[in-house]
Amino acid sequence: MSVATNVPRLLLVDPRVLADPFTVYGQAREEAPLVRLLAPGIRPIWGFTRLADCKAMLADRRFAVTEESEIRPDIPDVAQPYLAAMHVDGERHHRLRSIWAPAFTAARSVAFRPRVEAIVDSLIDDLEAAAADGPVDLLADFTEPFNADVVVEFLGFPVSDRQPWREHAHAMSSGVSDDYARAIDAVLQATKDAIAQHREHPADDPISMLIRDQADDPQRLSDLEMEALIWVTVAASSPVKHFLANAIVALLTNVDQLELLLAGDRLAPNAVEELIRWSGLNVIGNPRYATENVDVHGVVIQAGDAVVAVHASANRDPRAFDHADRLDVTRPLKPMGHLGFGYGPHVCTGNWLAREMSDVALVRLFQRLPRLALAVDPAELRRVRDPGTWRLESLPVTLH
Ligand code: HEM
């Protein structure tokens, strides 16, 4: 069957889409459950616009993650075998996931909260010192180092590795291929060194858990897979810094919501979920590829076609959320009631840690800095021109 004529077509880099993906994809969602996403130099991609369809697609084995799912021109050759080992599906993914996910449970994430608090407090001390000279950039000076410091320490790297890992994490998520290429040898070496050190001195951390797993059954996990799980997880955790920057802007521009949040030493129970739903990072999710022809609402997606969940429209789908365009931190939302952490077998491994991190960072920031304010008009905040993610270039604020 040919592409149905009622499927809207959108250019991924259309300035209207880049400027306000929520409105443009929202209009497409109300027109049709599928859109055709076009961009020069790549094959058209099917976009699922509605929440229930996105969840069904992400849970459907006929739409698979493959090596192609990591379409990034900035990735150097030496990193490719590691990413190929991680971008797998089916039995292989299940094996890796069953080895790695137990290190990221809710209980382990909550137990790490005191360390997250200490890291936030020390970064806020640094911010206060820097703010004596004028506005500070909360992305470069707070959310980015926070993201790297917490994840790297959680995994089991020594605190003395903090500074180099901040630089590695920045290089891997900058989207600049030269930065990635310059960092990758040091990333691989630091990972191998940490594994060697943990073999000598095992502890209760994710790196040691991998080593124990491999020792119990050497067939279950190769050395390359072990290294990939560790450093690719650092790279995969980079949504934290951008999500937090988005959340801070959302709260500074919706002060009634901010007041609702700050009643105690934790955020309102659903606040992080709602902030991820409303101002999350992904505009569209990582692609899957149809393994056979699949009929979706009368349209046949051909085997080999790329499909994505459009987070920007699904997370604001009025079929799933009342007053979906409104930020409401008291909204009764279930943990996976939105698409912010994905859905199905590839749902974010670090979602519990991310919740804990977000909760601590937002509470501490707004409680310790009650006069925090944007240093520019919200309309002047600059966003990266990226069709896949909704993220800021910088977040200039004043603290006092
Ligand atoms: C607010 C913060 C975060 C957001 C919004 C986020 C979002 C996501 C999403 C949407 C996916 C699904 C990708 C897909 O379907 O292909 C994902 C996967 C993943 N995330 Fe996160 N993430 C966050 C934080 C973290 C953290 C803190 C870690 C680890 C410390 C992490 C590690 C991973 C890994 C390893 C995967 C791959 C899972 C798999 O393929 O089985 N993420 N994340």
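**Close-up views of the ligand shell and a three-stranded sheet**

**View A. Polar side chains at the ligand.** In this predicted model, a polar side-chain atom of His346 is 2.8 Å from an oxygen atom of the ligand, which counts as a polar contact (a pair of N or O atoms within 3.5 Å). An N or O atom in the side chain of His93 lies 2.7 Å from an oxygen atom of the ligand. For Asn286, the distance from a polar side-chain atom to a ligand oxygen atom is 3.2 Å.

**View B. The shell around the ligand.** The ligand is surrounded by 22 residues, of which His93, Arg97, Arg288, His346 and Cys348 come nearest; a residue is near the ligand if one of its heavy atoms lies within 4 Å of it. By class, 10 residues are nonpolar, 10 are polar and two are charged; Gly counts as polar, and Asp, Glu, Lys and Arg count as charged. At least two shell residues come from each of helix 5 (90-100), helix 12 (223-236), helix 13 (239-252) and helix 17 (351-368). Helix 13 supplies the largest share, three residues. Helices are DSSP runs (H or I) of at least four residues, and strands (E) of at least two, numbered from the N terminus.

**View C. An open antiparallel sheet.** Three strands lie in the order 5-11-10, with antiparallel pairing; two strands pair if DSSP finds at least two bridges between them. Strand 5 (136-137) and strand 10 (373-374) are at the edges, each with a single partner strand, so one side of each has no neighbour in the sheet. Strand 5 and strand 11 (residues 396-398) are joined by two bridges. Val136 has Val397 as its bridge partner in strand 11.

**Notes.** Residues are numbered from 1 along each chain as its sequence is written, and side-chain values use heavy atoms, without hydrogens and water. As the model is predicted, local features need pLDDT of at least 70 and side-chain atom pairs count only at pLDDT 80 or more, while totals for chains, interfaces and linings use all residues.

Methods
A polar contact is a pair of N or O atoms within 3.5 Å; within protein, one must be able to donate a hydrogen and the other to accept it, and residues adjacent in sequence count only if both atoms are side-chain atoms.
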